[in-house]
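Trainee: Could we go through this model together? I would like to begin with the terms and then move to particular residues.

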Amino acid sequence: MAAPDFFAFFSEYFGERWNALLPALRGEAVYETIQYPGKEPYYLDEASAFAARALGVEPGMNVLDMCAAPGGKTLILAGALKGKGSLQSNDRSPDRRTRLSHVIENTLPEEFRANVTVSGYDGVRFGMYRKEEFDRILLDAPCSSERHVMESEKYLAEWSPKRISHIAITQGSLLASAVDALKPGGQMIYSTCALSRMENDDVVRKILKKRKGKVRVLELESGIPGTDKTEFGLQMLPDRCAGRGPIYCAKLEKLEIEN
Ligand SMILES: C[S@@+](CC[C@H](N)C(=O)[O-])C[C@H]1O[C@@H](n2cnc3c(N)ncnc32)[C@H](O)[C@@H]1O
C-alpha cells in the first residue's frame, strides 16, 4: 500500500482541526521585533520568543544553545544574560553558522555579544565531552518543519511518514546529550516547530525513561492565548494562537542526586 501523502497524513492526524490549521499554516506569521539602538532589527515568531524566554536565563549563567542557527532564540538568551556569564551558540551546519555569526554581529550590541561564542560541534557530543557543565540549555531541535515543507513542491515530494521517525531518533540522541551536559539542578528547554507528538511529547517521554531518576518535567505557563497544554509541555499552533507557531516546548530539570 502506498504511504499517505503529507496532506492526507496530517488530515488524519488532526481530524476536524486540520480544516482550520491548514489555512493558518499557510497564513502570515506573527513576529516580535528584536532591536537594539544603532543595530539591525531581527524578526522572530512570538511563539519562538516565548520558548527561548521560558528557559529562564539570568545574568551570570553558563548557557548552551545547542542548535542555534540562524539565531533568533540566541538573541533572546544573550539579551537575558546582559553580558554577564557565557553563551555558547552552537550549530553543526557551516552555512547556517555563517548566518548565525552575522545575526549576532548585526543585531546585538557589543556589550551583549562579548560573552557569546559560536561553535560547530555535533550536539550529540556535548553530553560526552561537556558533562554537567551548563546551568541552562536550549535544544531547539532539527525537526520536520512542516510549515516550510508545505511551501515547496520538492520537499512535499520527498516527505514520508518514515522521515518523522528518523528525525525523532536524532532528536532523542540530542536530548540525551543535553541532559548529560546539564549541571545537577540545571534546566533546559526542548523545543521544535514540528506538528506531531512523535517529535514532541514522545521524545520527552523516551528521555524520562532513558534517564529515569535523573530528570523531571517542570510546568510551563504561556501568556499566548490559544496555547494547547500537552502531556509534558505546551504547543502553540497558528489556528488557535492567531498566526503564532508552530512551536512545541517542554521544560526539564536535571535532578540533584544525593549520595
Ligand atoms: C530548528 S533549527 C534551530 C533554529 C534556531 N534555534 C533559531 O532560533 O534560529 C535546528 C538547527 O539544528 C542544526 N543541527 C542539526 N543537527 C545538528 C546536530 N547534530 N548538532 C548541532 N546542530 C544541529 C541545524 O543546522 C539547524 O540550524
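Mentor: Let us begin with burial: a residue is called buried under 20% relative accessible area, exposed over 50%, and partly exposed in between, using a 1.4 Å probe and the protein chains only. This is a predicted model, in which local features need pLDDT of at least 70 and side-chain atom pairs count only at pLDDT 80 or more, while totals for chains, interfaces and linings use all residues. Residues are numbered from 1 along each chain as its sequence is written, and side-chain values use heavy atoms, with hydrogens and water left out.

Trainee: Is Met 188 buried or exposed?

Mentor: Met 188 counts as buried because its relative accessibility is 0%. The residue sits in strand β7; helices (H or I, at least four residues) and strands (E, at least two) are DSSP runs, numbered from the N terminus.

Trainee: What is Met 188 in contact with, leaving aside its neighbours within four places in sequence?

Mentor: Contact means heavy atoms within 4.5 Å. With those neighbours set aside, the partners of Met 188 are Leu 55, Ile 137, Leu 139, Leu 175, Ala 178, Val 179, Leu 182, Ala 250, Lys 251 and Leu 252.

Trainee: Where is Ser 191, and which residues does Ser 191 contact?

Mentor: Ser 191 is also part of β7, which covers residues 182-192. Its relative accessibility is 0%, so Ser 191 counts as buried. Beyond four places in sequence, Ser 191 is in contact with Ala 51, Leu 138, Leu 139, Asp 140, Ala 141, Tyr 248 and Cys 249.

Trainee: Ala 51 belongs to α3, I believe. How many residues of α3 are buried?

Mentor: Six of the eight residues of α3 (46-53) are buried, so the helix is mostly covered. They are Ala 47, Ser 48, Ala 49, Phe 50, Ala 51 and Ala 52. Their cover includes β1 (31-34), β2 (42-45), α4, β7, β10 and β11.

Trainee: What caps the N-terminal end of α3?

Mentor: Asp 45 does, with a side-chain oxygen 2.7 Å from the backbone nitrogen of Ala 47. A polar contact is a pair of N or O atoms within 3.5 Å; within protein, one must be able to donate a hydrogen and the other to accept it, and residues adjacent in sequence count only if both atoms are side-chain atoms.

Trainee: Changing topic, which residues of α1 are buried?

Mentor: In α1 (residues 6-14), the buried residues are Phe 6, Phe 9, Phe 10 and Phe 14. Seen down the helix axis, they fall within an arc of 110 degrees, so they line one face of α1. The arc is taken over the directions from the helix axis to the C-beta atoms.

Trainee: Why would such spacing put residues on one side?

Mentor: An α-helix has 3.6 residues a turn, so residues three or four places apart point the same way.

Trainee: What covers the buried residues of α1, and what happens at its two ends?

Mentor: The cover includes α2 (18-26), α8 (146-149), α9 (153-158) and α10 (161-181). At the start of α1, a side-chain oxygen of Asp 5 reaches to within 3.2 Å of the backbone nitrogen of Phe 7. Just after α1, Gly 15 has a positive phi of about 65 degrees.

Trainee: And the ligand: how many residues surround it?

Mentor: There are 20, and the closest are Asp 91, Arg 96, Asp 122, Gly 123 and Asp 140; a residue is near when one of its heavy atoms lies within 4 Å. Oxygen atoms of the ligand lie 3.3 Å from a backbone N or O atom of Pro 70, 2.9 Å from one of Gly 71 and 3.1 Å from a side-chain N or O atom of Lys 73. Taken alone the ligand exposes 600 Å², of which the protein buries 87%; these areas come from the Shrake-Rupley method with a 1.4 Å probe.

Trainee: Which peptide bonds are cis?

Mentor: The bond from Ala 69 to Pro 70 is cis, with omega near 5 degrees, and Pro 70 lies in the loop between β3 (62-65) and α4 (72-81). A cis bond also joins Gly 245 and Pro 246, with omega about 0 degrees. Pro 246 lies in the loop between β10 (234-236) and β11 (247-254).
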